[in-house]
Amino acid sequence: MKRYFAVALGILTAIGGFVDIGDLVTNAVVGSRFGMSLAWAVVVGVVGICLFAQMSGRVAAISGRATFEIIRERLGPRAGTANLVASLLITIMTLTAEVGGVALALQLASGVQPLLWIPVAAFAVWLVIWRVKFSIMENVAGVLGLSLVVFGVALFLLGPDWGELKDQALQQTSHPRETPLTYWYYAIALFGAAMTPYEVFFFSSGGVEERWTEKDLVTSRANVLVGFPLGGLLSLAIAGCAATVLLPRGIDVDALSQTVLPVAMGAGQLGLAIVILGVVAATFGAALETGLSAGYALAQFNGWSWGKFRRPAQAARFHLTIIICLVVAVLVLLTGIDPILVTEYSVVFSAVALPLTYLPILVVANDPQYVGEHVNGRLLNAVSSVYLVVILVAAVAAIPLMILTKAGA
Amino acid sequence: MFLSDVLRRPVVGPDGPLGFVADCRVAVDGTPGQLLANAQLVGLVVAPRNRQGFLGYERTSVSSPAPLAQWYERRQRGSFLVLWEDIESIDDVVRVRPGYTRWSSAL
Amino acid sequence: MGLREAQSAVGSATLALTTSQDGDTTASVAETMVDEAGTRMTAASKQATAFKPTDQRTAAQMEAVTQALGDADTAVRHAGEALSGYPGAPSVRSALDELKQSSSDLERLAKKLEPPR
């Protein structure tokens, strides 16, 4: 019984935890500009994150080593450091976007300027990381984040032309206002939003925090293989809402308020309250995860003691790293930069940095010295090799496309 | 001398350049210590090109996923192990004694 | 030249106003949206004025664009005032009419400026 409960809770938090500011913004932007015609990119991203998280979770459970311990061991100091710097920069960028997202959501709830919410949000993130137990932190944020399901409910209440949405997704109708280059740019952005590297650092380090063993493999696999696809469905619902309400009116999403407005139109003020709660929970949860991930990455790489299972005094440098990253995020946001812009860049750079962590995990998931008999099977290896190519192509194409399209303008 | 200083240095044999130091091999068979026996340096792995490592694919026991394993095997081609006894001197370049043996670098 | 941004901002402000009138959305969300639309309008106007026409035809077109963007800017500002509802502010109805007018102006202009195929 307890086991079923653990699996169910894990799946629920995986759904709620899947969507963060990157998914919220990117899916709404794409829905408002391309309808559902980039739905395939979400599917590709979800399958990718399932592969990646499943492998790194297995490596963490069997070997007890988290992602950056492995990167250090397998790549050596030189390539490892380059990898660390790139991954850390992107994680801090994502953290900045998430803290900004919390502030924007709180603005929608209160009408108070986001600049005033930023320090409050960052302080709350720090406080939770410092004080709250890992499992409580993860479960509360994940379950509250589930209120984003209201996007799906609202989509039904809006009563869209389902055939039209299906046609957009499957028949690739043309977009008179867009160029093929922006189409591909946003395909990579969606891919990066679904496959954010921090999710994997967090997932594998979380496995070590919660002391997973071989016995937890089934639970962790169920969380990933059921929770993440359902989270992907939620992403598609966000895009569907934007495609139904905003696309026909020629409104391009460039703010969080536009992302949640279709929910208000479909489900009224109650729906709006629920979706704002969901956005706050999802971005706050993701801010916790990215903040911790930055600490995990640096501490694991340098061999410092890390983890929330230790008291902060026993993992001082780990906690100091998190504090510094939060301060950096706040300072960046206080310059008045638009958090939505930071988000749009962070998902694309996520796609750029992805091969750096994917490759070592793929290699180690095949190494019996780490995972014993639980090495990748033949089919898994075939699929993950194809994904290695997809990830490499996306990483190489991302920056040229960003320049050519002026970041999707 | 630090091991990390030796890595990536050029290796010269009696008849000219051989490549670069890619890795070192140690065997844990020295005098017994508290947990493990002390590590003994067996030799240096010399690769024809000065590139990054093999990500563990120098071990014959690991051959999946196939495309990656083949890629790294190809990069590894031409690399060999020189025993520590066959190393003449180490300064800016690593010199190998005449009459040295090229051992397989696979594990 | 900022036309697309302006169309999006005007659309966004219109939607904020109608949903707030229908009671679907809260005042803080509607006000935030109109506020953001105002910011985008400013950016769009800036983009348009940075564009330097080279011949007489484009100069005439530019004048029309600047004019339309200015009207749109005013319409969005009026929408914000209507939402805040202080004495002397335009009514929501008249603000909506103004937005509708501006939206159709922008659309006509966008069609006219569309590059010939």
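1. Chain C holds 4 helices and 0 strands, where helices (H or I, at least four residues) and strands (E, at least two) are DSSP runs numbered from the N terminus. In sequence order the pattern is α-α-α-α. The radius of gyration of chain C is 15 Å, close to the 13 Å that the globule rule gives for 117 residues, so chain C is as compact as a globular protein of that length. That radius is taken over C-alpha atoms, and the globule rule is 2.2 Å times the number of residues to the power 0.38.

2. This is a predicted model, in which local features need pLDDT of at least 70 and side-chain atom pairs count only at pLDDT 80 or more, while totals for chains, interfaces and linings use all residues. Residues are numbered from 1 along each chain as its sequence is written, chains are lettered from A and ligands numbered from 1 in the order in which they are written, and side-chain values use heavy atoms, with hydrogens and water left out.

3. The C-alpha atoms of chain C fill a box of roughly 50 × 25 × 20 Å along the principal axes. Of its 117 residues, 39% are buried (under 20% relative accessible area; exposed is over 50%, partly exposed in between; 1.4 Å probe, protein chains only). Among contacts in chain C (heavy atoms within 4.5 Å) with a separation of 6 or more, 75% come from residues 24 or more positions apart.

4. Chain C exposes about 6200 Å², with 53% of it supplied by carbon and sulfur atoms; accessible areas come from the Shrake-Rupley method with a 1.4 Å probe, and for residues only the protein chains shown count as cover. Chain C carries 12 positive and 16 negative side chains, and the centres of the two sets lie 7 Å apart. Lys and Arg count as positive and Asp and Glu as negative, with His and the chain ends not counted; the place of a charge is NZ of Lys, CZ of Arg, CG of Asp or CD of Glu.

5. Chain A has 16 helices and 0 strands. Its radius of gyration is 20 Å, which agrees with the value near 22 Å for a compact globule of 409 residues. The C-alpha trace spans about 55 × 50 × 45 Å along the principal axes, and 62% of the residues in chain A are buried. The accessible surface of chain A is about 15200 Å², of which 70% belongs to carbon and sulfur atoms. There are 22 positive and 22 negative side chains in chain A, their centres 10 Å apart.

6. Two sites in chain A can be inspected. A:Thr321, in helix 13 (residues 316-334), counts as buried because its relative accessibility is 8%. Beyond its neighbours within four places in sequence, A:Thr321 contacts A:Ala294, A:Gly295, A:Leu298 and A:Trp304. A:Ala407, in the segment after helix 16 (378-404), has a positive phi near 55° although it is not glycine; A:Ala407 is buried at 17%.

7. B:Arg8 also has a positive phi, about 70°, and is not a glycine. B:Arg8 sits in the loop between helix 1 (3-6) and strand 1 of chain B and, at 30% relative accessibility, is partly exposed.

8. In strand 1 (residues 10-13) of chain B, B:Val11 and B:Gly13 point to one face and are buried, whereas B:Pro10 and B:Val12 point to the other and are not. Strand 1 pairs with strand 6 (residues 94-96) of chain B in the parallel sense over 2 bridges; pairing requires at least two DSSP bridges. B:Val11 stands opposite B:Val94 in strand 6.

9. Of the 2 pairs of chains that touch, A and C have the most contacts. Chains B and C have no contact, and their closest C-alpha atoms are 47 Å apart.
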